[in-house]
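Visitor: I am new to this structure. Could you walk me through it?
Guide: Gladly; let us look at it together.

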Amino acid sequence: EMSEMSETSKQNVAHGLAWSYYVGYLKIVLPRVKESMKEFSRVNHNVLACRETWKLHILVPLSCDIYDDLEKADSNIQYLTDLTETTLTRAGTKKRVYKHSLYAIRDEDNKLWHCAVEYATPLQSLYAMSQDECAAFSREDRLQQAKLFYRTLEEILKGSKECAGSYRLVVYEESGEAETHFLSREILWHLQQQRLEEYTVYEENQPHNSSTTLSSTELNLQISKSDLPQPLRSDCF
């Protein structure tokens, strides 16, 4: 009966997708990200100058609208190269390859910022479900599940020692108006915040302590917990 209730209210969709994404992908690749960035930086001096941005930037659009080609999504985002591949034998597949792409993000002053960035791929499943009549998954269901996916993934990653300091969730909700460089501005905001965080840590480690410190601004989604599906267990997670 409890399982039927969960299926009816679709409470298990986003929760399952978040855990699958973490266990089947992020837990494998994130612990290797910093080493890949370090190796790239050795060969390409000054490209990845800010160590605080040596992370995988995971795009989480609440609309679940995902572009396969980031350069087509925003002309200020340019593909640069791929980081070192990780090859593993996984679930019967020999030499399965995991890799991340490095991009150059152009700001309003024509300055280039570099980072590894990709979409949270499970959101493609949520979008596809909302387009398939068999799934009986409305646009409102998709939005709520996208929010729940983000909240669940955030909690999972916060509790993961292996993934600590190797990721940045870039969650956003696009406005109704068409904005040519909306995505690049979202990514740049996070890169700039991370640079401020690194500068703050550097200043705090200096012999002379400044009376003021810079603080990063966390992205506020204003998601009400009451709007989200509630877990079946009161003691869980």
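Guide: A term to begin with: two strands pair if DSSP finds at least two bridges between them. Helices (H or I, at least four residues) and strands (E, at least two) are DSSP runs, numbered from the N terminus. You are looking at a predicted model, in which local features need pLDDT of at least 70 and side-chain atom pairs count only at pLDDT 80 or more, while totals for chains, interfaces and linings use all residues. Residues are numbered from 1 along each chain as its sequence is written, and side-chain values use heavy atoms, with hydrogens and water left out.

Visitor: In what order do the strands of the open sheet lie?
Guide: Five strands form this sheet, and their pairing is mixed. The edge strands are β2 and β7 (167-172), each of which pairs on one side only. From one strand to the next, the twist averages 40 degrees, where axes are lines fitted to C-alpha atoms, for helices over the stretch in contact, and angles run from 0 to 180 degrees between N-to-C directions. The order is β2-β5-β6-β1-β7.

Visitor: How do the elements of the protein run from the N terminus on?
Guide: The protein has six helices and seven strands. Written from the N terminus on, they run α-α-β-α-β-β-β-β-β-α-α-β-α.

Visitor: How many bridges join strand β2 to β5?
Guide: Strands of a sheet pair through backbone hydrogen bonds, either parallel or antiparallel. Strand β2 (residues 77-82) and β5 run antiparallel. Asp82 stands opposite Ser101 in β5, and Tyr79 stands opposite Tyr103 in β5. The number of bridges joining β2 to β5 is five.

Visitor: Which residue in β6 does Tyr103 stand opposite?
Guide: β5 also pairs with strand β6 (residues 112-119), in the antiparallel sense over five bridges. Across from Tyr103 in β6 stands Cys115.

Visitor: How many residues of strand β5 are buried?
Guide: Buried means under 20% relative accessible area, exposed over 50%, and partly exposed in between (1.4 Å probe, protein chains only). In a regular strand the side chains alternate between the two faces of the sheet. Ser101, Tyr103 and Ile105 point one way from β5, Leu102, Ala104 and Arg106 point the other way, and all are buried. For strand β5 (residues 101-106), the count is six of its six residues.

Visitor: Which residue takes a positive phi in the hairpin of β5 and β6?
Guide: This hairpin has five residues between the strands. The residue has a positive phi of about 70 degrees although it is not a glycine, and at 52% relative accessibility it counts as exposed. Its name is Asn110.

Visitor: Is Ala91 buried or exposed?
Guide: Ala91 lies in the loop between β3 (86-90) and β4 (93-98). Its phi is near 50 degrees, a positive value in a residue other than glycine. With a relative accessible area of 78%, Ala91 is exposed.

Visitor: How far apart in space are Ser75 and Arg106?
Guide: Ser75 is found in the loop between α3 (70-73) and β2, and at 49% relative accessibility Ser75 counts as partly exposed. In sequence, Ser75 and Arg106 are 31 residues apart. In space, C-alpha to C-alpha, the distance is 8.8 Å.

Visitor: At what angle do the axes of α2 and α5 cross?
Guide: Two packed helices are described by the angle between their axes and the distance between the axes. The axes of helix α2 (residues 12-43) and helix α5 (residues 139-158) come within 9 Å and cross at roughly 40 degrees. That makes α2 oblique to α5, since angles under 35 degrees count as roughly parallel, over 145 as roughly antiparallel, 65 to 115 as roughly perpendicular and the rest as oblique. So the angle that makes them oblique is roughly 40 degrees.

Visitor: How do α4 and α5 lie to each other?
Guide: Helix α4 (residues 122-131) and α5 pack with their axes 10 Å apart, at an angle of about 165 degrees. The two helices are therefore roughly antiparallel.

Visitor: What share of the residues in the protein is buried?
Guide: The protein has 237 residues in this count. Buried residues make up 41%.
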